[in-house]
Amino acid sequence: MPWWVARLPPACLTTARSQQRKSNDGHQRISRPGHRANRGTGRAFARALIEHGAAKVYAGVRDPAATPDRNVTPLRLDVTRPDEIAEATAVARDVTIVINNAGIGSTGTGLLNGTFDAARQAMEVNHFGTWAVSRAFAPILARNGGDALVNTLSLASWVGQPSFPGYAAAKAAQWSQTDALRQDLREQGTLLTAPLPGRGGVSLLRG
Ligand SMILES: NC(=O)c1ccc[n+]([C@@H]2O[C@H](COP(=O)([O-])OP(=O)(O)OC[C@H]3O[C@@H](n4cnc5c(N)ncnc54)[C@H](OP(=O)(O)O)[C@@H]3O)[C@@H](O)[C@H]2O)c1
């Protein structure tokens, strides 16, 4: 059971909305790309927080109109845009948990060929985007008692990936800044935790 369940936080922010669907065998599956409001793990985080007693859950999303849950408060948030991060911190001043979950795959950059564009964009979203949201919300977490920052990493943070090297490099960089934040935010009483999932769906690695 995640620790925040017992803490019943009054408000949380998770970046990236989405939903998981049950397949015929009853197991959770990440749905197909193209269903922008129906994919990924961000919505699963938001729903779990609500189910376990969070009084308010903000979802940092690029398209607030597409947010399917009425009990989630959407905030327009592209993690590469400083202005939208600033607006999110102005609104979500009551959060006690921030979950950095936004990520892109960067399969357009091959290890030995192709441009670096996709790899650079993965660095912008996965590494700098996470970093920017973390530093923006750190003072808010401190004011609200510390609590927690959750950064979704990947097994690729630890193992180079010849098939998607840009993604793995960005996730490795994200791991490094996460570990530095973990040490630094301890002083203000913020627990930093970072799941490293294995490959659970295909949509991420198609773009
Ligand atoms: N899927 C896997 O196998 C796997 C394995 C290990 C780790 N992870 C990690 O898990 C996290 C979630 O991935 P997922 O599997 O749920 O992937 P996903 O279905 O592709 O979802 C990615 C989410 O990130 C959002 N996003 C992308 N760029 C953004 C930006 N600039 N600003 C704000 N949001 C942005 C997308 O928003 P839109 O809906 O607006 O496009 C989408 O909701 C990622 O950090 C990923 O690295 C995934």
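How many of the 207 residues of this protein count as buried? The answer is 38%. Keep in mind that what you're looking at is a predicted model, so let's start with how confident the predictor is.

On average, the protein has a pLDDT of 82, and 79% of the residues score at least 70. Confidence is highest in helix H5, at 98, and lowest in strand S3, residues 28-30, where the mean is 27. Over residues 1-10 the pLDDT is below 50, and this stretch has 13 contacts in the model beyond near neighbours in sequence. Residues 16-38 also stay under 50, and there the model has 45 contacts beyond four places in sequence.

Okay, the overall layout. We've got five helices and eight strands. If you walk along the sequence, they come in the order α-β-β-β-α-β-β-α-β-α-β-α-β. Now take the contacts between residues at least 6 apart in sequence: 67% of them join residues at least 24 apart.

Next, helix H4, which runs over residues 117-143. I'll show you two of its partners.

One partner is H5, residues 165-185. The two axes come within 7 Å and cross at roughly 15°, which means H4 is roughly parallel to H5, since the angle is under 35 degrees. The crossing is right-handed. And who's touching whom? On the H4 side you'll find, among others, Ala118, Ala122, Met123, Trp131 and Ala138, and they meet a set of H5 residues including Gly166, Tyr167, Ala170, Leu181 and Leu185. Sort the residues of this contact by type and you get twelve nonpolar, seven polar and one charged.

The other partner is H3, residues 82-91. Here the axes are 10 Å apart and the angle is about 25°, so H3 and H4 are roughly parallel too. H3 also passes H4 in a right-handed crossing. H3 brings Pro82, Ile85 and Thr89 to this contact, while H4 brings Ala132, Val133, Ala136, Phe137 and Ile140. That divides into seven nonpolar, one polar and no charged residues.

Let's zoom in on one residue of H4, glutamine 121. Is glutamine 121 buried or exposed? Somewhere in between: glutamine 121 counts as partly exposed because 19 other C-beta atoms lie within 10 Å, and being buried takes 20 or more. Leaving out residues up to four places away in sequence, glutamine 121 touches Ile104 and Ser106. You can also look across to glycine 166: its C-alpha atom is 8.8 Å from that of glutamine 121, although the two are 45 residues apart along the chain.

Serine 106 deserves its own stop. You'll find serine 106 in the loop between strand S6, residues 97-100, and H4. Serine 106 counts as buried because it has 27 C-beta neighbours inside 10 Å. What's the phi of serine 106? About 65°, so a positive value, even though this residue is not a glycine. For background, most residues other than glycine have a negative phi.

Past the other end of H4 there's aspartate 147, in the loop leading to strand S7, residues 148-151. Aspartate 147 has a positive phi as well, near 50°, and again we're talking about a residue other than glycine. With 22 C-beta neighbours inside 10 Å, aspartate 147 counts as buried.

So when you open the model, try starting from H4: find H5 with its axis within 7 Å, then H3 with its axis 10 Å away, and then look for serine 106 and aspartate 147 in their loops.

Conventions. Residues are numbered from 1 along each chain as its sequence is written. This is a predicted model: local features need pLDDT of at least 70, side-chain atom pairs count only at pLDDT 80 or more; totals for chains, interfaces and linings use all residues. Helices (H or I, at least four residues) and strands (E, at least two) are DSSP runs, numbered from the N terminus. A residue is buried if 20 or more other C-beta atoms lie within 10 Å of its own, exposed if 12 or fewer, and partly exposed in between; C-beta atoms are placed from the backbone. Two residues are in contact if their C-beta atoms, placed from the backbone, lie within 7 Å. Axes are lines fitted to C-alpha atoms, for helices over the stretch in contact, and angles run from 0 to 180 degrees between N-to-C directions. Angles under 35 degrees count as roughly parallel, over 145 as roughly antiparallel, 65 to 115 as roughly perpendicular and the rest as oblique. A crossing is left-handed if the near helix is turned anticlockwise from the far one by less than a right angle, and right-handed if clockwise. Ala, Val, Leu, Ile, Met, Phe, Trp, Tyr, Cys and Pro count as nonpolar, Asp, Glu, Lys and Arg as charged, and the others, Gly among them, as polar. pLDDT is the predictor's confidence in each residue, from 0 to 100.
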